[in-house]
Amino acid sequence: MPDTTLRPGEIATCNAVRADATIQFIGSIQTPWPTRDQCPRQGSVDGPECQIHLFKPWDDALDGIDAYERIEVLYWLDHSRRDLLLQSPASDGRVRGTFSLRSPVRPNPIGTSLVVLENRDGNCLTVRGLDCLNGTPLVDLKPDRCAYSPIAPPKHTTDSRQ
Ligand code: SAM
C-alpha cells in the first residue's frame with residue numbers, strides 16, 4: 001500500500017485515478033531489494049545482477065533481443081501513490097511539481113532504466129542497472145541505440161541558428 005502521509009508543502013489531488021487505458025503486465029522483475037528504502041535512487045550498470053522474467057506468451061517476443069547490449073526497461077512502480085501535484089522529496093525537502101522530478105510518485109507510475117543485458121536464458125533476462133523493488137511488474141522492453149531510438153537534442157544555446 002502506498003504511504004499517504006503528506007510532507008510540509010505537498011499537495012495531493014482527489015481526482016487522481018481515472019482509467020483511460022489499460023496496461024498489461026508482461027513479466028516480473030526480480031531484484032535484491034525487498035523495501036523501497038533499500039533500492040538505489042537510480043540504477044547503475046555497476047549495480048547487482050537482476051532478473052527480468054517474461055510471462056507467456058511474451059517470452060516469444062524476446063527473439064532478437066540478444067543482439068543488443070543495452071535495453072530500456074519500463075516498469076510499473078506499483079507501491080507508489082498517484083495523487084501528488086506538488087511533492088517534497090525526502091532527499092532535499094524542496095517542494096516541486098511532480099513533472100520536474102523522477103520520483104516514483106506520479107499519476108502513472110512508470111519507471112524507466114537503461115540496463116546492460118548480461119544474459120538471456122529462455123524467458124529470463126539477466127541485467128544490471130535496475131532500481132526497483134523485488135516483484136515489480138514489467139511494462140515493456142525496448143532496445144537502445146537501434147535506428148529508431150530517440151536522440152537527445154542539443155543543449156539550449158543562445159545561438160538562434162540552432
Ligand atoms: N529509474 C526510474 C526512473 O527514473 O524512472 C525510477 C527512479 S525512482 C527515483 C526509484 C525509486 O523508486 C527507488 O529508489 C524506490 O524508492 C522506488 N521504487 C522502486 N520500486 C518501486 C515500486 N515497485 N513501487 C514504488 N516505488 C518503488
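1. Strand E4 is mostly covered in this predicted model. Five of its seven residues are buried. The strand covers residues 70–76.

2. E4 has partners in E7 and E9. With E7, residues 110–121, E4 forms seven bridges, and the two strands run antiparallel. Leu-74 has Thr-112 as its bridge partner in E7. Trp-76 stands opposite Ile-110, also in E7. With E9, five bridges are formed, again in the antiparallel sense. There Ile-71 is matched with Pro-143.

3. These pairings belong to a barrel. Six strands close it, in the order E2-E3-E8-E7-E4-E9, with antiparallel pairing. On average, neighbouring strands of this sheet are turned by 45° against each other, direction ignored.

4. E2 spans residues 27–30. Its pairing with E3 is antiparallel and uses four bridges. Gln-30 has Gln-51 of E3 as bridge partner. E2 also joins E9, residues 136–143, through three bridges, and these two strands run antiparallel. Ile-29 is the bridge partner of Thr-136 in E9.

5. The two faces of E2 deserve a look. Gly-27 and Ile-29 form the covered face, while Ser-28 and Gln-30 form the uncovered one. In a regular strand, side chains alternate between the two faces of the sheet. Tying this to the pairing, Ile-29 on the covered face bridges to Thr-136 in E9, and Gln-30 on the uncovered face bridges to Gln-51 in E3.

6. Which residues come nearest to the ligand? They are Pro-40, Gln-42, Asp-78, Arg-102 and Asp-131, out of 19 residues around the ligand.

7. The ligand's nitrogen atoms give three distances to check. A nitrogen atom of the ligand lies 2.5 Å from an N or O atom in the side chain of Asp-131. For Leu-133, a polar backbone atom is 3.0 Å from a ligand nitrogen atom. For Thr-112, a backbone N or O atom is 2.9 Å from a nitrogen atom of the ligand. The ligand exposes 600 Å² when taken alone, and the protein buries 92% of that. Thr-112 thus appears twice in this note: at the ligand and as the bridge partner of Leu-74.

8. Is Asp-59 buried or exposed? Asp-59 is buried, because its relative accessible area of 13% falls under the 20% cut-off. The residue sits in the loop between strand E3, residues 49–54, and strand E4. Setting aside neighbours within four places in sequence, Asp-59 contacts Leu-54, Arg-120 and Asn-123. Of these, Leu-54 falls within the range of E3, and Arg-120 within that of E7.

9. Now the whole chain. The protein chain has nine strands and zero helices. Along the sequence the pattern reads β-β-β-β-β-β-β-β-β. Among contacts between residues at least 6 apart in sequence, 77% join residues at least 24 apart.

10. Overall figures follow. The C-alpha trace spans about 50 × 50 × 35 Å along its principal axes. The chain has 162 residues, and buried ones make up 34%. Its accessible surface comes to about 10,800 Å², of which 52% belongs to carbon and sulfur atoms.

Definitions and conventions: Residues numbered from 1 in each chain as written. Predicted model: local features only at pLDDT ≥ 70, side-chain atom pairs only at ≥ 80, totals over all residues. Heavy atoms only, no water. Buried < 20%, exposed > 50% of the residue type's maximum accessible area, 1.4 Å probe, protein only. Contact = heavy atoms within 4.5 Å. Pairing = 2+ DSSP bridges. Axes fitted to C-alpha atoms, helices over the stretch in contact; angles between N-to-C directions. Near = heavy atom within 4 Å. Polar contact = N/O pair within 3.5 Å; in protein donor to acceptor, adjacent residues only side chain to side chain. Areas by Shrake-Rupley, 256 points an atom, 1.4 Å probe, with all protein chains shown as cover.
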